[in-house]
Amino acid sequence: MDSPPGLTFGTVLGLLLHFSWGQNLLRQNSCVEYRSISLAPFNASVSSQVVLNGGPGSLRTIEVPSQSTWIPKCDEDDMYDTRQRRQNNEKFCVLPTTGEIVFDPIKTNHLDNSTEILCDCFVERRLIRTDRHKDDIVPRCDNKTGHFKALQFYSNGKAQCVDEVTGEPILGPFFYNGTSDKPEECVRAEEAPMFVSSVRGRLNKDSKYD
């Protein structure tokens, strides 16, 4: 059968790859179901009951739910708690809707199990990259603890200082040409909130800042 005019074999193949590889096939709102599967006495057929990855070519995966590996922790809305713990006490972060692993520092950075981690930064980064708007800041996250880095950047090059736990802005936006991940302005803004209002005038006069 001839292809429609203008529709080549390469185009068809590209569309097939786009739809089969580009979609996230991880199931939505599966926490309660997968928790039940993990607590079942025998779950040898887990591979047929659980979707563990996003399909061919996808890096999106979840942990295998089982009594010996991972018992999902669900919140009051039956979504995944963003901070999860394997049965061997390894902590990792997931998306609340699908359980997709977004930060797994024990496996990737070989950290000690006692290291406390935060998840908001990596969760927010994944969500923004999935549905990105041009003015959004794609969060810069600490690869060991999951904290927000103190200095964040907009796509237009402007910077702002944020709270390292919550990611909430505390100073900015402004232009920054330095190399520090936590410049003096961020340190002072964090230590003394009153500094933020008192220094704005000086920053606006400085050629580095907007």
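# Exercises on disulfides, a helix face and strand 5

Both C121 and C141 are buried. The model is a predicted one, and the exercises below work through its cysteine pairs, one helix, one strand and one tyrosine.

**Exercise 1. Describe the link between C121 and C141 and locate its two ends.**

Solution.
- Step 1: The sulfur atoms of C121 and C141 are 2.0 Å apart, and the two residues form a disulfide. The cut-off for such a pair is 2.5 Å.
- Step 2: The torsion about this S-S bond is about -90°, so the disulfide of C121 and C141 is left-handed.
- Step 3: C121 sits in helix 5, whereas C141 belongs to the loop between helix 5 and strand 4 (151–153); the pair links distant parts of the chain, 20 residues apart.

**Exercise 2. For the disulfide of C31 and C74, find the handedness, and classify each end as buried or partly exposed.**

Solution.
- Step 1: C31 is joined to C74 with an S to S distance of 2.1 Å.
- Step 2: About the S-S bond the torsion is about -100°, so this disulfide is left-handed.
- Step 3: The ends come from distant parts of the chain, 43 residues apart: C31 from helix 2 (residues 31–39), C74 from the loop between helix 3 (46–49) and strand 1 (83–85).
- Step 4: The limit for buried is under 20% relative accessible area. C31 has a value of 0%, so C31 is buried. C74 has 23%, so C74 counts as partly exposed.

**Exercise 3. Repeat the analysis for C93 and C119, then place the disulfides in the pairing pattern of the chain.**

Solution.
- Step 1: C93 and C119 form a disulfide with their sulfur atoms 2.0 Å apart.
- Step 2: The value about the S-S bond is -75°, and the link is left-handed.
- Step 3: C93 is part of strand 2 (residues 91–94) and C119 is in the loop between helix 4 (105–109) and helix 5 (120–130), so the disulfide ties together parts 26 residues apart in sequence.
- Step 4: C93 has 0% relative accessibility and therefore counts as buried. C119, at 5%, also counts as buried.
- Step 5: The total is 4 disulfides. With the bonded cysteines numbered in sequence order, the pairing reads 1-2, 3-4, 5-6, 7-8.

**Exercise 4. State which residues of helix 2 are buried and on which side of the helix they lie.**

Solution.
- Step 1: The buried residues in helix 2 include C31, Y34, I37 and S38.
- Step 2: They span an arc of only 125° around the axis, which places them on the same side of helix 2.
- Step 3: The spacing has a general background: an α-helix has 3.6 residues a turn, so residues three or four places apart point the same way.

**Exercise 5. Work out how strand 5 is covered and what pairs with it.**

Solution.
- Step 1: Strand 5 (residues 158–162) is mostly covered, with 5 of its 5 residues buried.
- Step 2: In a regular strand, side chains alternate between the two faces of the sheet. In strand 5, K158, Q160 and V162 point one way, while A159 and C161 point the other way; all are buried.
- Step 3: Strand 4 runs antiparallel to strand 5 and is joined to it by 3 bridges. Q160 of strand 5 is the bridge partner of Q152. The hairpin of these two strands has 4 residues between the strands, and G157 there takes a positive phi near 95°.
- Step 4: Strand 6 is also antiparallel to strand 5, joined by 4 bridges. P169 in strand 6 is the bridge partner of V162. The hairpin of strand 5 and strand 6 has 6 residues between them, and G167 in the turn has a positive phi of about 80°.

**Exercise 6. Determine where Y176 lies, whether it is buried or exposed, and which backbone nitrogen its side chain contacts.**

Solution.
- Step 1: Y176 is in the loop between strand 6 (169–175) and helix 6 (184–191).
- Step 2: Its relative accessibility is 13%, so Y176 counts as buried.
- Step 3: A polar atom of the Y176 side chain lies 3.3 Å from the backbone nitrogen of S180.
- Step 4: Y176 and K158 are 18 residues apart along the chain, and their C-alpha atoms are separated by 7.0 Å.

**Exercise 7. Summarise the protein chain as a whole: what is its order of elements, and what share of its residues is buried?**

Solution.
- Step 1: The protein chain has 7 helices and 6 strands, in the order α-α-α-β-β-β-α-α-β-β-β-α-α.
- Step 2: Of its 210 residues, 34% count as buried.
- Step 3: The exposed area is about 12600 Å², of which carbon and sulfur atoms supply 52%.
- Step 4: Among contacts with a separation of 6 or more, 41% are between residues 24 or more positions apart.

Conventions. Residues are numbered from 1 along each chain as its sequence is written. This is a predicted model: local features need pLDDT of at least 70, side-chain atom pairs count only at pLDDT 80 or more; totals for chains, interfaces and linings use all residues. Side-chain values use heavy atoms; hydrogens and water are left out. Buried means under 20% relative accessible area, exposed over 50%, partly exposed in between (1.4 Å probe, protein chains only). The arc is that of the directions from the helix axis to the C-beta atoms. A polar contact is a pair of N or O atoms within 3.5 Å; within protein, one must be able to donate a hydrogen and the other to accept it, and residues adjacent in sequence count only if both atoms are side-chain atoms. Contact means heavy atoms within 4.5 Å. Accessible areas come from the Shrake-Rupley method with a 1.4 Å probe; for residues, only the protein chains shown count as cover. Two strands pair if DSSP finds at least two bridges between them.
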